[in-house]
Amino acid sequence: MKILNVAGARPNFMKLAPLVREMQAHSGISALLVHTGQHYDINMAGQFFRDLQLPAPYASLAVGSGSHAVQTAEVMKRLEPVLEEARPDLVLVVGDVNSTLAAALTAVKLQIPVAHVEAGLRSRDRTMPEEINRLLTDAIADYLFVTEESGRDNLLREGVDARRIHFVGNVMIDALEVFRPLWTASTIHHRLGLSAREYGVVTLHRPTNVDDTRTLQDLIEALLEVSGEIPLVFPVHPRTLNRLSSLNGTAARLKPDPQTPTPLGLRCVEPLGYPDFMALVAGARLVLTDSGGLQEETTALGVPCLTLRENTERPVTVTHGTNRIIGTSSRRVVDEAFRVLHSPCPAPPRPPLWDGHAAERIVAILADIRSETHSR
Ligand code: UD1
């Protein structure tokens, strides 16, 4: 069985790493990887291939940045001849980025079956580009692998045949476990002069939070206030970096130099590789974020997470995890952060099936489907 796996943007790489490993260990499966190049900087893509031991891509599409339409169309145009040449038995896509939808659409039009890993998540906020990508990918994929029960419920409500849905757990958490030796060996705390549980971590990159100057300014003011109580480390996404420079006077109050250990303040650093970032998150007293994946990783690690959004497509991180959805009002951000710092809660057990074995389940299901189709 030839499976062509598609990676495009940073959060795809850690999800694919355990899956590709599992496929490589299976004698009946040949695994190919295509990198669309949606993310292309060394610290957004290249270092993840190296650290997560992803195989050299069978094809690199180098689509780069662009509007949603341009990026989606470029992936489709460039992937089609690759699929025609490779003729895989299955295309596997992960997550909800533009590359996910573009690859799924290209494959189904060539009548190649598609598997979607991390299916069924819904924020019910159609202003999020990812929500549109999730809805459309799930509507056309043949095999839907869900990380939490809400994913199955959403798909059934949308009329999906139950036989297409498989609740398998979370490959993001597989990556956390597979690469635990790598991230526990990181020297990031030493390099930044930090001690475990004596700092917080911030990430911000959602267009709704960073593209509007007023919203970003308010969030940064709130984070500066919190950082008067506990140092905050802020690995800055390139989208956010572009916007921070437009903030009046605020940029000068951010501490850009990671070499200077300062007890307090909001310290901007470059985007980090997977081992350094996971080590930083695992040792944090709290995380403030608008990321999807980080809501899951903090839940698995038992680290309190405040999500600076109005909704989440990952409700299990709230009902069974350490996540709170707090919106983006600066007063609420400060109040909730201080509440976590002064009245911490014990971490609950992990959500069902977040046990580090999701990739095994997925590959076993795919191999079974293949042998059933062949024996017919
Ligand atoms: C994309 C995903 C988002 C995911 C995020 C993770 C979509 C619609 N969005 O958002 O779901 O959470 O990745 O990071 O697919 N840039 C660089 N170097 C890079 C990549 C991007 O400088 O290697 C800059 C460019 O200015 C680009 C901007 O970042 O225009 C945004 O990149 P893009 O891939 O369009 O969206 P993200 O915000 O990264």
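1. Start with the pocket lining. Strand 12 (305-307), strand 13 and helix 16 (330-342) each contribute at least two residues to the lining of the second largest pocket. The model is a predicted one. The space in this second largest pocket comes to about 390 Å³. Its lining counts 22 residues, and those closest to the pocket centre are Pro304, Thr322, Val340, Pro344 and Cys345. By class, the lining residues of the second largest pocket split into 13 nonpolar, five polar and four charged.

2. Next, the domains. Domain 1 covers 2-169 + 354-375, and domain 2 covers 182-341. Taken over C-alpha atoms, the centres of domain 1 and domain 2 are separated by 28 Å. Across the boundary, 22 residues of domain 1 make contact with 20 residues of domain 2.

3. The seven-stranded sheet. The order is 3-2-1-4-5-6-7, the sheet is open and the pairing is parallel. Strand 3 (59-60) and strand 7 (165-167) are the edge strands. Each has a single partner strand, so one side of each has no neighbour in the sheet.

4. Inside that sheet, look at one strand pair. Three bridges link strand 5 (residues 114-117) and strand 6 (residues 143-146) in the parallel sense. Histidine 116 has leucine 144 of strand 6 as its bridge partner. Helix 4 (residues 98-109) packs on the sheet and touches strand 1 (2-7), strand 4 (90-94) and strand 5. The direction of helix 4 makes about 165° with that of strand 4.

5. The six-stranded sheet. This open sheet runs in the order 10-9-8-11-12-13, and its pairing is parallel. Which strands stand at the edges? They are strand 10 (266-269) and strand 13 (323-325). Each pairs with a single partner strand, so one side of each is left without a neighbour in the sheet. From one strand to the next, the twist averages 20°. Strand 13 thus appears twice in this note: as an edge strand, and as a contributor to the lining of the second largest pocket.

6. Strands 8 and 9. Strand 8 (residues 200-203) and strand 9 (residues 232-235) run parallel and are joined by two bridges. Valine 201 stands opposite valine 233 of strand 9. Helix 13 (residues 274-282) packs on the sheet, where it touches strand 8, strand 9 and strand 11 (286-289). Relative to the direction of strand 8, that of helix 13 makes about 130°.

7. Last, a residue in the loop after strand 8. Histidine 205 sits in the loop between strand 8 and helix 10 (207-210). What does histidine 205 touch, not counting residues up to four places away in sequence? Its contacts are Val210, His237, Arg239, Thr240, Asp290 and Ser291. Leucine 241 is 36 residues from histidine 205 in sequence, with a C-alpha to C-alpha distance of 9.2 Å in space.

Definitions and conventions. Residues are numbered from 1 along each chain as its sequence is written. This is a predicted model: local features need pLDDT of at least 70, side-chain atom pairs count only at pLDDT 80 or more; totals for chains, interfaces and linings use all residues. Side-chain values use heavy atoms; hydrogens and water are left out. Two strands pair if DSSP finds at least two bridges between them. Helices (H or I, at least four residues) and strands (E, at least two) are DSSP runs, numbered from the N terminus. Axes are lines fitted to C-alpha atoms, for helices over the stretch in contact, and angles run from 0 to 180 degrees between N-to-C directions. Contact means heavy atoms within 4.5 Å. On a 1 Å grid over the protein atoms alone, a cavity is a set of points where a 1.4 Å probe fits but cannot get out, and a pocket is an open set with protein on both sides within 12 Å along at least five of seven lines; lining residues have an atom within 4 Å of a point. Grid points are joined across faces, edges and corners, and a volume is the space filled by probe spheres set on the points. Ala, Val, Leu, Ile, Met, Phe, Trp, Tyr, Cys and Pro count as nonpolar, Asp, Glu, Lys and Arg as charged, and the others, Gly among them, as polar. Domain bounds come from an automatic or database domain assignment.
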